[in-house]
There are 2 protein chains.
Amino acid sequence: MKFRASINIMPLPALLDPQGKAVSGNMKNIGLSSIDNVRVGKHLTLEVEASSQPEAEEQVKTACEKLLANQIMEQFEFRLEAVETEA
Amino acid sequence: MKFRASINIMPLPALLDPQGKAVSGNMKNIGLSSIDNVRVGKHLTLEVEASSQPEAEEQVKTACEKLLANQIMEQFEFRLEAVETEA
């Protein structure tokens, strides 16, 4: 079975996010002073081939922990959905 | 009223995503050969002060178009939720 995962990787809430701060500052310059508290992270989509949803979850979790997220500075969350495969 | 927006900015489906390709390749190296078709984009969260949800949507859309996304290469989507403010 094929699953599609949608992953968000964000800087930990306790940490400063300089990129987000810069974007917040720039919002004022383009006349959007009502926008604040911008935080910038990564969004990834991927496909995983697995026999069951728990197995697919395990694979995506491993990928996040080993490769995608730096857990000292970032946290990740993801959701999975089964992909319909045409027969 | 305060709204929290959650924005995903991804490379257009028709375009190659070299960063995603590199991540796909590395999945094999860490023993996750079942993972494929990785695409890498940005995830942003921000807060916007507006009198109504449509007004907040308009502001976030403007921010994406003017500052956050490069619409030649990227597409964006977002969702808004009202933030409960304590009295």
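How many salt bridges does the rule find across the interface of chain A and chain B? The count is 0. This is a predicted model, and the rest of the contact can be read from it step by step.

Start with the extent of the interface. Chain A puts 29 residues into the contact, and chain B puts in 29 residues. Between them, the two chains bury about 2,600 Å². Carbon and sulfur atoms give 63% of that area. On the chain A side, the most area is lost to chain B by A:Ser34, A:His43 and A:Leu67. Together these three account for 20% of what that side buries.

Next, the symmetry. A turn of 180° with a shift of 0.0 Å along the axis lays chain A on chain B, at an RMSD of 0.0 Å. That is why the relation is that of a two-fold axis. The same surface serves both copies, since 100% of the contact residues of chain A recur in chain B. Which residue of chain A comes closest to the rotation axis? It is A:Lys42, with its C-alpha at 2.1 Å.

A:Lys42 lies within the span of strand 2, residues 35-49. Strand 2 of chain A pairs with strand 2 of chain B. The sense is antiparallel, and the pairing runs over 11 bridges. One position shows the register: A:Leu44 stands opposite B:Val40.

Strand 2 of chain B also has a partner in its own chain. Strand 1 of chain B, residues 2-11, runs antiparallel to strand 2 of chain B, and 8 bridges join them. Here B:Ile7 has B:Leu44 as its bridge partner. In a regular strand, side chains alternate between the two faces of the sheet.

Now turn to helix 2 of chain A, residues 53-68. Its buried residues are A:Ala56, A:Gln59, A:Val60, A:Ala63, A:Cys64 and A:Leu68. They lie on the same side of the helix, because they cover an arc of only 135° around its axis. The spacing fits a general rule. An α-helix has 3.6 residues a turn, so residues three or four places apart point the same way. A:Pro54 and A:Lys66 are exposed on the other side of helix 2 of chain A.

What do the buried residues of helix 2 of chain A pack against? Within chain A, the partners are strand 1, strand 2 and strand 3 (74-82). From chain B come helix 1 (18-29) and strand 2. The buried residues of this helix thus pack against elements of both chains.

Methods. Residues are numbered from 1 along each chain as its sequence is written. Chains are lettered from A and ligands numbered from 1 in the order in which they are written. This is a predicted model: local features need pLDDT of at least 70, side-chain atom pairs count only at pLDDT 80 or more; totals for chains, interfaces and linings use all residues. Side-chain values use heavy atoms; hydrogens and water are left out. Two strands pair if DSSP finds at least two bridges between them. Helices (H or I, at least four residues) and strands (E, at least two) are DSSP runs, numbered from the N terminus. Copies are superposed by least squares on the C-alpha atoms of residues with pLDDT of at least 70 in both. Contact means heavy atoms within 4.5 Å. Buried means under 20% relative accessible area, exposed over 50%, partly exposed in between (1.4 Å probe, protein chains only). The arc is that of the directions from the helix axis to the C-beta atoms. Buried area is the accessible area (1.4 Å probe) that two parts lose on being put together, summed over both. A salt bridge is a side-chain nitrogen of Lys or Arg within 4 Å of a carboxyl oxygen of Asp or Glu.
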